Amino acid sequence: MVPDGTISIAVELVDDAASLFTFEHPERAFYVFGPEDGSLGPDILNRCHHRIMIPTRVCMNLAVTVNVVLYDRLMKQSRDQSCS
């Protein structure tokens with residue numbers, strides 16, 4: 001169900017996940033978020049091009065996680081456009 005021409009990104013707390021702080025969002029990204037009461041399974045993780053995580057000391061619910069990731073994307077895109 002991933003749209004053609006997009007890069008899938010799993011947002012999950014796994015050992016090989018990149019930090020959101022340093023992650024560069026692709027132009028055509030498709031984010032995959034796990035459920036609040038569980039994790040993404042290995043089948044889904046293996047199909048994603050990237051894995052990212054939000055370094056935090058507290059647990060965040062799904063709505064907060066989505067907002068943080070999309071805000072980070074927006075801010076980095078704005079920064080990149082202003083530098084051009």
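# Exercises: sheet, salt bridges and pocket

Start with one pairing: Ile 9 has His 50 in β4 as its bridge partner. Keep in mind that you're working on a predicted model.

**Exercise 1. Work out the strand order of the open sheet, and say which strands stand at the edges.**

Step 1. Begin with β1 and β4. Three bridges join these two strands, and they run parallel. Besides the Ile 9 pair, Ala 10 has Arg 51 as its bridge partner in β4, and Val 11 stands opposite Ile 52 in β4.

Step 2. Now look for another partner of β1. Strand β3 (residues 29–33) pairs with β1 in the parallel sense, over five bridges. Here Val 11 turns up again, standing opposite Phe 33 in β3.

Step 3. Do the same for β4. Two bridges join β4 to β2, and this pair runs parallel too. Ser 19 stands opposite Met 53 in β4.

Step 4. Put the pairs in a row. The four strands of the open sheet come in the order β2-β4-β1-β3, with parallel pairing. β2 and β3 are the edge strands: each has a single partner strand, so one side of each has no neighbour in the sheet.

Step 5. Check how covered β1 is. Four of the five residues in β1 (residues 7–11) are buried, so the strand is mostly covered.

**Exercise 2. The structure holds two salt bridges. Find the residues of each, and say how far apart they are along the chain.**

Step 1. Take Asp 16 and Arg 51. Their side chains meet in a salt bridge, at 2.9 Å from N to O. This pair links distant parts of the chain, with the two positions 35 residues apart: Asp 16 sits in the loop between β1 and β2 (18–19), while Arg 51 is in strand β4.

Step 2. Is Asp 16 buried or exposed? Its relative accessibility is 52%, and exposed means over 50%, so Asp 16 counts as exposed.

Step 3. Move to the other pair, Lys 76 and Asp 72. Their closest N and O atoms are 3.0 Å apart, in a salt bridge. Both residues belong to helix α2 and are four residues apart, which means about one helical turn separates them.

Step 4. Check their exposure. Lys 76 and Asp 72 are both buried.

**Exercise 3. Trace the side-chain polar contacts of His 25, starting from where the residue is found.**

Step 1. Place the residue. His 25 is in the loop between β2 and β3.

Step 2. Classify it. A relative accessibility of 14% is under the 20% cut-off, so His 25 counts as buried.

Step 3. List the contacts. The His 25 side chain is joined to that of Tyr 31 by a polar contact of 2.6 Å. It also makes a polar contact with the side chain of Asp 72, at 2.6 Å.

Step 4. Tie this to Exercise 2. Asp 72 is the residue that forms a salt bridge with Lys 76, and its side chain is in polar contact with His 25 as well.

**Exercise 4. Describe the largest pocket: its space, its lining and the elements that supply it.**

Step 1. Get the volume. The largest pocket holds about 390 Å³ of space.

Step 2. Go through the lining. It has 18 residues, and those nearest the centre are Val 11, Glu 12, Leu 13, Met 60 and Thr 65. You've already met Val 11, opposite Phe 33 in β3 and Ile 52 in β4.

Step 3. Sort the lining by type. You should get eleven nonpolar residues, five polar and two charged.

Step 4. Map it onto the fold. β4 (50–53) and α2 (62–83) each supply at least two of the lining residues.

**Exercise 5. Compare the settings of Thr 6 and Arg 57: which one is buried and which is exposed?**

Step 1. Locate both. Thr 6 lies in the segment before β1, and Arg 57 in the loop between β4 and α2.

Step 2. Read off the accessibility. Thr 6 has a relative accessible area of 14%, so it's buried. Arg 57 is at 87% relative accessibility, so it counts as exposed.

Step 3. Add the distances. The Thr 6 side chain reaches the backbone oxygen of Pro 3 at 2.6 Å. For Arg 57, take the C-alpha atom: 27 Å separates it from that of Ser 78, which is 21 residues away along the chain.

Key: Residues numbered from 1 in each chain as written. Predicted model: local features only at pLDDT ≥ 70, side-chain atom pairs only at ≥ 80, totals over all residues. Heavy atoms only, no water. 1 Å grid on protein atoms, 1.4 Å probe; cavity = no way out; pocket = protein on both sides within 12 Å on 5 of 7 lines; lining within 4 Å. Points joined across faces, edges and corners; volume = space filled by probe spheres on them. Nonpolar A, V, L, I, M, F, W, Y, C, P; charged D, E, K, R; others polar. Buried < 20%, exposed > 50% of the residue type's maximum accessible area, 1.4 Å probe, protein only. Pairing = 2+ DSSP bridges. Salt bridge = Lys/Arg side-chain N within 4 Å of Asp/Glu carboxyl O. Polar contact = N/O pair within 3.5 Å; in protein donor to acceptor, adjacent residues only side chain to side chain.
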